[in-house]
Structures are given as structure tokens and as C-alpha cells.
Amino acid sequence: MDRSDDYSDFIYSLCRIIGNGGVYLLNVAPRPDGTIPESQVNSINAIGDWLKVNGEAIYGADPSPLKFPPYAITSKPGKVYLHIQDLKDNQVELHGLLSKVEKAYVLADPSQNALKINQKDETISVTIPNKLKQARVTVVVLEIADEEAKVKDENIQQEADGSIALPVSKCEFSIRRISYDYDKQVTHRWGENVKQGLIWTVNVKEPGTFKIISEDSGNDGFTYTLSTSDDSVILNSKGEIGTLTKKEQEGHIKIEKAGVHKLTVYPKVPASKATKGSYEFKGLELIPIEK
């Protein structure tokens with residue numbers, strides 16, 4: 001059955017992977033006689049048709065200038081490409097871009113008609129008329145004043161109450177980001193490789209000792225190590241399996257000096273050996289302990 005929504009997902013996966021600096025593999029499986037199943041042919045044709053119009057945003061494109069983009073973004077010198085799968089209310093917003101946007105247009109529009117732009121500080125809003133919306137993924141081109149896009153500081157900032165939020169959505173993966181669910185903003189299959197660390201860069205203004213709140217889906221035998229430059233502690237994932245749940249860990253963690261710090265977690269035992277089922281990890285929160 002020809003389902004354009006399925007092809008939309010394939011195309012958007014391509015955009016997301018290129019935007020994160022990856023390579024998209026089609027994984028086509030021919031039959032024993034060498035022919036390719038019709039369903040796979042349809043998928044390839046759908047991607048090919050989309051690339052004929054929007055290939056500029058993919059071929060030779062660099063990753064997103066934002067480390068943690070809200071949706072698929074690619075870039076080239078002087079241009080930023082916004083890949084929008086679900087366009088609501090005719091508006092596309094982007095937070096974090098500091099470069100001045102001189103013009104915006106839909107890549108599929110051969111006339112490159114200028115779109116209405118509202119840019120204030122690090123936030124830009126672009127209005128897209130219904131007639132320029134694309135069936136699967138709409139690419140909006142931002143022509144910027146800088147050759148290389150300037151973006152805001154994406155380091156995590158310590159909150160006014162001293163707490164530090166460490167969501168998976170704001171971490172870097174030491175190996176690859178393939179085990180991240182962009183919609184749910186959780187890991188899936190993270191922990192199966194003990195070398196796959198999660199890394200947060202944090203601007204700490206009020207150092208001290210912190211209690212630790214974790215949020216995950218439960219995995220009775222899985223443990224991992226949270227480390228700062230000053231301290232480390234082993235955390236566990238005991239809890240209700242299959243349901244994202246917050247809990248306070250037994251140990252505490254120290255950060256002794258103000259400044260920019262790298263905080264990491266690494267698995268102690270592969271999650272797949274600890275329990276059955278898919279393990280999801282949402283992140284951590286550090287709460288200062290009163291002196």
C-alpha cells in the first residue's frame with residue numbers, strides 16, 4: 001500500500017541524520033533473483049523525488065550549527081536549512097540563532113519568494129503560506145549575514161536555586177546518537193555498550209554537594225557511573241520496569257569549583273545483560289544539599 005506518511009518519515013530521517021553529521025543507509029534487501037521489493041522501490045523513489053527538489057539542503061551540506069536543534073537542520077556557508085515535517089499554524093520558530101537573517105524562502109519555490117520574518121535577539125519566526133507547504137518535508141532556507149552561523153551558548157546553565165538539570169536531550173554521546181528517541185527525548189538501547197557515555201557541559205556558578213534525582217524506565221541489574229572532575233558515584237536503575245519514573249539516588253556528587261564542567265555517565269554493566277526489555281533513560285537532576 002502506498003503510504004506517503006511512511007515516506008515522509010523516511011525523508012525526515014534522512015534530514016535528521018545529515019543534520020547530525022551522519023550518513024544515511026537505505027538498507028535495501030534484494031530478493032534471491034536480484035529484484036528489489038516494490039515497497040522498497042517506492043521508498044527509494046519517494047526519497048529521490050524529494051531530493052530532486054530539495055537536494056541543495058542535503059548534498060554537501062554541513063550539520064546543524066546548533067548542537068541541540070529542535071528539529072532537523074543542515075547548513076552551508078551563508079545558509080541555514082530548516083527541515084519541517086509537521087508544519088503547524090504556518091509558523092516555523094527557531095531559538096538560538098544569533099546571525100541576522102537577510103532572507104527566508106521555501107527551497108521548493110522556484111521563484112524564491114521572500115517569506116515574512118520576525119527576528120528578535122536569538123529567536124526567529126518565519127511565516128509560510130499554505131500554497132508553499134510541501135507534502136512531506138518542507139525546507140525553509142535562511143540566508144544569513146555571516147558565512148558561518150553564530151549561535152547562542154548551548155552550555156547548560158545552573159538554575160537560580162542551585163539545581164542542575166541534565167536531560168538526555170542536552171547531552172552529547174561519546175560514540176553516536178543513534179540510541180536517542182527524538183520524539184520522547186529519551187535514550188533507547190543506551191547502556192548496551194559500556195563505552196557509550198553521555199556527556200553534559202555545564203556552567204556551574206554555585207559549586208557544592210548535590211543529591212541526585214534520576215528518571216528512567218527501570219532496569220533492576222543496570223548500574224552506571226556519574227562523574228565530575230572532582231567526584232564520582234555509582235547509580236542504579238531499580239524501579240518500575242517499563243514506566244518512566246523519577247527517584248532519588250542513595251549517593252551524592254561533589255562539584256568543588258565554579259566554572260564550566262563536563263559531567264558524564266557511563267554504564268558499568270551492559271543493560272542488555274542486566275534485564276530484558278528496552279531501557280529508557282530521561283536524564284538526571286542535581287539538587288544542592290543545604291550547608
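A polar contact here is a pair of N or O atoms within 3.5 Å, where one must be able to donate a hydrogen and the other to accept it. Keep that cut-off in mind for several stops below. The model is predicted.

**Whole chain**

Start with the full view. The chain has three helices and 19 strands. Its C-alpha trace spans about 65 × 55 × 30 Å along the principal axes. Of the 291 residues, 42% are buried. The exposed area is about 15700 Å², and carbon and sulfur atoms supply 48% of it. Take contacts between residues at least 6 apart in sequence: 70% of them join residues at least 24 apart.

**Stop 1: Asp216**

Select Asp216 in strand β14, residues 208–216. What does the side chain of Asp216 make a polar contact with? It is the side chain of Tyr279, at 3.0 Å.

Now look for a charge partner. Asp216 is buried but has no salt bridge. The nearest side chain of opposite charge belongs to Lys247, 5.3 Å away. A salt bridge needs a side-chain nitrogen of Lys or Arg within 4 Å of a carboxyl oxygen, so 5.3 Å does not qualify.

Show the surroundings of Asp216. Beyond four places in sequence, its contacts include Tyr224, Asn236 and Ser237. Thr243, Leu244 and Thr245 are also among them. So are Tyr279, Glu280 and Phe281. Glu280 leads to the next stop.

**Stop 2: Lys184 and Glu280**

Select this pair. Their side chains meet in a salt bridge, 2.8 Å from N to O. The link joins distant parts of the chain, 96 residues apart. Lys184 sits in the loop between β11 (180–181) and β12 (186–187). Glu280 sits in the loop between α3 (271–274) and β19 (281–288).

Is Glu280 buried or exposed? Glu280 is buried, because its relative accessible area is 16% and the cut-off for buried is under 20%. Lys184 is partly exposed at 40%.

The structure holds six salt bridges. Two others follow.

**Stop 3: Lys79 and Glu56**

Move to Lys79. Lys79 forms a salt bridge with Glu56, and the closest N and O atoms are 3.1 Å apart. Lys79 lies in strand β2, while Glu56 lies in the loop between α2 and β1, so the pair ties together parts 23 residues apart in sequence. Lys79 is partly exposed, with 22% relative accessibility. Glu56 is partly exposed too, at 28%.

**Stop 4: Helix α2**

Select residues 38–54, helix α2. Show the side chains of Lys52 and Asp49. They meet in a salt bridge of 3.8 Å, N to O. Why are Lys52 and Asp49 separated by about one helical turn? Because they are three residues apart in helix α2. Lys52 is exposed, with a relative accessible area of 71%. Asp49 is partly exposed at 44%.

Stay on the helix and pick Ile44. Ile44 is partly exposed, with a relative accessible area of 31%. Patch members need over 30%, so Ile44 passes that cut-off at 31%. Which residues form a nonpolar patch with Ile44 on the surface? Add Leu26, Val28, Ile36 and Val41 to the selection. Together the five residues of the patch have about 330 Å² of accessible area.

**Stop 5: Ser75**

Select Ser75 in strand β1, residues 73–76. Ser75 counts as buried, at 11% relative accessibility. A polar atom of its side chain lies 2.8 Å from the backbone oxygen of Pro63. Show the residues around Ser75. Leaving out residues up to four places away in sequence, Ser75 touches Ala61, Asp62, Pro63 and Pro65, as well as Val80 and Tyr81.

**Stop 6: Gln85**

Finish at Gln85, in the loop between β2 (79–84) and β3 (91–95). Gln85 is partly exposed, with a relative accessible area of 22%. Show its side chain. Two polar contacts can be picked out here. One is with the side chain of Ser8, at 3.0 Å. Another is with the side chain of Asp9, at 2.9 Å.

Now select Arg136. Gln85 and Arg136 are 51 residues apart in sequence, yet their C-alpha atoms are 6.3 Å apart in space. Neighbours within four places aside, Gln85 is in contact with Ser8, Asp9, Tyr12, Arg136 and Val137.

Note on methods: Residues are numbered from 1 along each chain as its sequence is written. This is a predicted model: local features need pLDDT of at least 70, side-chain atom pairs count only at pLDDT 80 or more; totals for chains, interfaces and linings use all residues. Side-chain values use heavy atoms; hydrogens and water are left out. Helices (H or I, at least four residues) and strands (E, at least two) are DSSP runs, numbered from the N terminus. Buried means under 20% relative accessible area, exposed over 50%, partly exposed in between (1.4 Å probe, protein chains only). Lys and Arg count as positive and Asp and Glu as negative; His and the chain ends are not counted. Contact means heavy atoms within 4.5 Å. Patches are made of residues with over 30% relative accessible area and no salt bridge: like charges are joined within 9 Å, nonpolar side chains (Val, Leu, Ile, Met, Phe, Trp, Tyr) within 5 Å. Accessible areas come from the Shrake-Rupley method with a 1.4 Å probe; for residues, only the protein chains shown count as cover.
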